[in-house]
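Please look through the structure shown below; a short report on its aromatic pairs and one of its sheets follows.

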Amino acid sequence: MFPLVVLADVRLSAKSRRMNIEFGAGTSWAVMGPGEPSALFDVIAKVKRPQAGSVNLGGPIVESGGVSKWRKSLMDFAKQLPLGGDLEAVAEALAVLHLWDSRRLTLDQLDRRSTAHAALLPLFLAAPGSILLCKQHLDALDPWVLPGVLDFLTRRLKSESVLLAWTSRPDIAESMDNLLVFHRQEIAFAGSVEELIARGGQEAMTIRVGNEPIARALVKPFQVEATSSPGGELQLLSPANQDMAAHLLSHGYGNVELVQSRPKTLEEALRDLPLI
């Protein structure tokens with residue numbers, strides 16, 4: 001895997017810290033954050049210059065969108081893209097985006113849903129080795145379209161492209177190879193979703209008990225945080241490797257009706273991430 005984007009000592013504002021990161025060919029990145037990632041995308045696309053440092057690119061920039069000024073049909077728009085001469089690729093792209101039946105329509109004839117889908121055509125028909133920048137266009141996709149789109153983009157990465165997808169949806173982030181959390185024009189986290197979730201090191205357990213004081217006394221030695229709920233349930237937040245607490249509750253006391261344990265979700269891990 002070779003890098004297609006290299007940020008070396010880049011600083012996006014006068015007050016932000018310098019960042020060093022590489023985005024390798026064949027990988028996908030979800031870009032999230034309470035901070036606005038648009039500055040990062042603008043620097044990568046060479047729309048703006050960084051306050052300091054250098055941005056080195058190993059392929060052409062391809063951004064989602066660009067359909068708004070097109071006045072001809074969708075089919076004509078697709079054909080003028082780098083892979084537009086491959087009619088089989090064009091047909092597949094339009095089909096995956098549920099645009100085949102609208103291929104002869106112009107943009108002003110499309111409904112809002114189809115317009116959002118059409119914004120992804122430049123990514124679908126980009127040349128191999130491209131740097132694909134998707135600015136929240138995946139967020140507009142419904143559950144019937146999104147899986148096919150993500151599968152198609154994954155196959156496009158095999159042509160040694162890289163995908164950076166700005167998104168606010170954890171489910172989309174989970175489908176990417178890596179996650180970049182951006183805050184105040186700095187990187188708060190860069191790594192896999194699994195790494196971020198593991199950072200928290202906690203599991204949520206729901207235990208339904210008939211005698212709450214006994215349950216609270218039992219979990220206390222295991223450093224388990226207990227919170228009552230109106231339905232007679234005890235919500236427990238347990239540090240990693242504290243499964244013994246649930247084991248003793250379920251096997252040592254007859255008043256336990258239910259024990260449920262689950263790992264922390266990505267949404268919970270994002271909220272708990274210490275920001276800069």
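How many aromatic pairs does a search of the whole structure find? The search finds three aromatic pairs, where rings of Phe, Tyr and Trp (its six-membered ring) pair if their centres lie within 6.5 Å, and planes under 30 degrees apart count as stacked, over 60 as edge-to-face and the rest as tilted. Two of them are set out here.

| Pair | Centre to centre | Between the planes | Kind |
|---|---|---|---|
| F23 and W29 | 4.9 Å | 85° | edge-to-face |
| F41 and W166 | 5.9 Å | 45° | tilted |

The pair of F41 and W166 links distant parts of the chain, with F41 in helix α1 (residues 38–44) and W166 in strand β7 (residues 162–166), 125 residues apart; helices (H or I, at least four residues) and strands (E, at least two) are DSSP runs, numbered from the N terminus. Both F41 and W166 are buried, a word that means under 20% relative accessible area with a 1.4 Å probe, protein chains only. F23 counts as buried at 0% relative accessibility, and W29 is buried with a relative accessible area of 8%.

This is a predicted model, in which local features need pLDDT of at least 70 and side-chain atom pairs count only at pLDDT 80 or more, while totals for chains, interfaces and linings use all residues. Residues are numbered from 1 along each chain as its sequence is written, and side-chain values use heavy atoms, with hydrogens and water left out.

Turning to the sheet, three strands form an open, antiparallel arrangement in the order β2-β1-β4, where two strands pair if DSSP finds at least two bridges between them. β2 (19–24) and β4 (52–57) stand at the edges, each with a single partner strand, so one side of each is left without a neighbour in the sheet. Strand β1 (residues 3–11) pairs with β2 in the antiparallel sense over five bridges, and P3 stands opposite G24 in β2.

Methods: Buried < 20%, exposed > 50% of the residue type's maximum accessible area, 1.4 Å probe, protein only.
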